[in-house]
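Here are a few notes to go with your first look at this one. Have the viewer open as you read.

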Amino acid sequence: MSIDIETARRVAKLARIRVEEQDLPALAGEFNAILGFIEQLGEVDVEGVEPMTSVTPMRLRRRVDEVTDGGCQAKVLANAPDAREGFFAVPKVVE
Amino acid sequence: MMSDLSSLTIAEARDGLRAGSFTATELTAACLARIEAADALGAFVHKTPEIALEQAAAADARIQGGAENPMCGVPIGIKDLFCTQGVPSQAASRILEGFRPEYESTVTTRLWQAGAVMLGKLNMDEFAMGSSTETSVYGNAVNPWRRKDDATPLTPGGSSGGSAAAVAADLCLAATGTDTGGSIRQPAALTGITGLKPTYGRCSRWGIVAFASSLDQAGPMTKTVRDAAIMLGVMAGFDPKDSTSADRAVPDFEAALTGDIRGKTIGIPREYRIDGTPAEIEKLWNDGAAMLRDAGAKIVDISLPHTKYALPAYYVIAPAEASSNLARYDGVRFGHRAKLAQGDGITEMYEKTRAEGFGAEVQRRIMIGTYVLSAGFYDAYYNRARRVRTLIKRDFDLAFEAGVDAILTPATPSAAFGLGEMADADPVQMYLNDVFTVTVNLAGLPGVSVPAGLDAQGLPLGLQLIGRPWEEADLLNIAHSLETAAAFTARPTDWWI
């Protein structure tokens, strides 16, 4: 599997990371080095082996479905780059 | 006298505080003074002397009243990955610049409740992604150790490199670390200290900035195995806020350090003999096995056949989880937001914010993770890696079922390397640092690195012991025996002062 510049551009877009056009070839090269290393996994016989979902055999705990926290709007917004009138503010989303 | 206090172990400090030989305030002041003189190490990136002195005064009052907790009055450093209320918690990333959590991680909460004293936050690789603390937005952390007659600055390892440097340089008595692929054990080995990664689920992950949630685990970085036992006892415990936290009793780990390992079976995995491992590390490994044999343990050769596939599996699973975990850094709720141009919409805000906020290695891993999870590749990469992970864990299960109590391996494939030395290498070369440690995270096991000797250049080398799940007590007892036999007493010179 080899990653071309078009694939690198697509992955950057999916990851929501801006990558300048002139940096794409180097990025594709790095992806190829890492994926080349990962390719070794193809040698392993995994027939009939379940993909691991939990490293410790445990049931995910459940809790009662009730409100345990809240009423801390100021704390929630305290670290926002732009908070106005009790909300997170972002650029216009809908035209 | 005052400056010597910072070189105490936790156990020595506990005894001295209880005996009234010195106060927590004096001990804290000694550490703060030493930290002030150690900026060249780049270890402490946010200092909190006011909090430290306030906590020390409170600890002194508790000790006067007969405090029972062994960590009461003990000054420690906290890796920048832990959220600490009102104190910058940046994961060494630009994207969390200015972030001051409104809450405290469970592990640090437990430490403060025990009476421990926070000296400040410690340097690390950005989002714990790295093995040299060179991906930090704060700049490099520097190893207190240098090669003989050579002033080349060396890496303290990573990602918990600031924690390792701080403990090795006696800036604090101990520090917290986190370990996703070796990030406690590798830096501990490269700086001549003890580093323990507990069983997955032993310490709560709540309030620790997430990297790869199925692998991340917090643990102590200390001067001795005894201190690791004491500190783990405080850090560990069930937390309903972490859905994978184990609801099990926390044993008295220190009481388990009997020094008696007669009849224990120690496995030596043949797959860990890797081409290109320096002869010194091979010798150290053989010497370590001989020490445990002399202490009464039985040494057996074992096979962990899928070892070779651990690193490639890790470099699918960890980036995949990271790409999902780090999606939250979007410039909306916390941290950095890029300056936008006229007409930029929300997509441009995300893309510019993340391009500016994340460093090169973090961007690379997010994108690799995005790729292996994308339509058409999910089965070929992500599911295959998770199947291989099942096989890696099974290798360990079979060894333990056959009667092995612990497994002895080298901790790292080399001693500390020079800062910048790996700059031109491809990313995979850096990843190879974790070749001996990463299996333990994939299998969820406890592992500890113990300083065991010096190489020809005078740099520390560590050995790793891997234990059965939940048997940290037994593992620490074996590590304690190894520590006693290896009698590692070398110290770095204070060249930075």
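How much area does chain A expose, and what share of it do carbon and sulfur atoms supply?

1. Chain A exposes about 6800 Å², and 51% of that comes from carbon and sulfur atoms. Bear in mind that we're looking at a predicted model.

2. As for how chain A is built, you'll find three helices and two strands. Start at the N terminus and the order is α-α-α-β-β.

3. Now the overall dimensions. The radius of gyration of chain A is 22 Å, whereas a compact globule of 95 residues would come out near 12 Å. Measuring along the principal axes, the C-alpha trace of chain A spans about 55 × 45 × 25 Å. As for burial, 32% of the 95 residues in chain A count as buried.

4. A word on charge: chain A carries 12 positive and 17 negative charges, and the mean positions of the two sets sit 10 Å apart.

5. Over in chain B, have a look at B:K197. This lysine belongs to strand 5, which covers residues 194-197. B:K197 is buried, yet has no salt bridge. The nearest side chain of opposite charge is B:D179, and that is 6.1 Å away; a salt bridge would have to be within 4 Å.

6. So what does lie 3.0 Å from a polar atom of the B:K197 side chain? That would be the backbone oxygen of B:L445. If you zoom in on one spot in chain B, try this one: a buried lysine without a salt bridge, with a backbone oxygen 3.0 Å from a polar atom of its side chain.

Technical notes
Residues numbered from 1 in each chain as written. Chains lettered and ligands numbered in written order. Predicted model: local features only at pLDDT ≥ 70, side-chain atom pairs only at ≥ 80, totals over all residues. Heavy atoms only, no water. Helix = DSSP H or I, 4+ residues; strand = E, 2+ residues; numbered from the N terminus. Rg over C-alpha atoms; globule rule 2.2 N^0.38 Å. Buried < 20%, exposed > 50% of the residue type's maximum accessible area, 1.4 Å probe, protein only. Areas by Shrake-Rupley, 256 points an atom, 1.4 Å probe, with all protein chains shown as cover. Lys, Arg positive; Asp, Glu negative; His and termini not counted. Charge placed at Lys NZ, Arg CZ, Asp CG, Glu CD. Polar contact = N/O pair within 3.5 Å; in protein donor to acceptor, adjacent residues only side chain to side chain.
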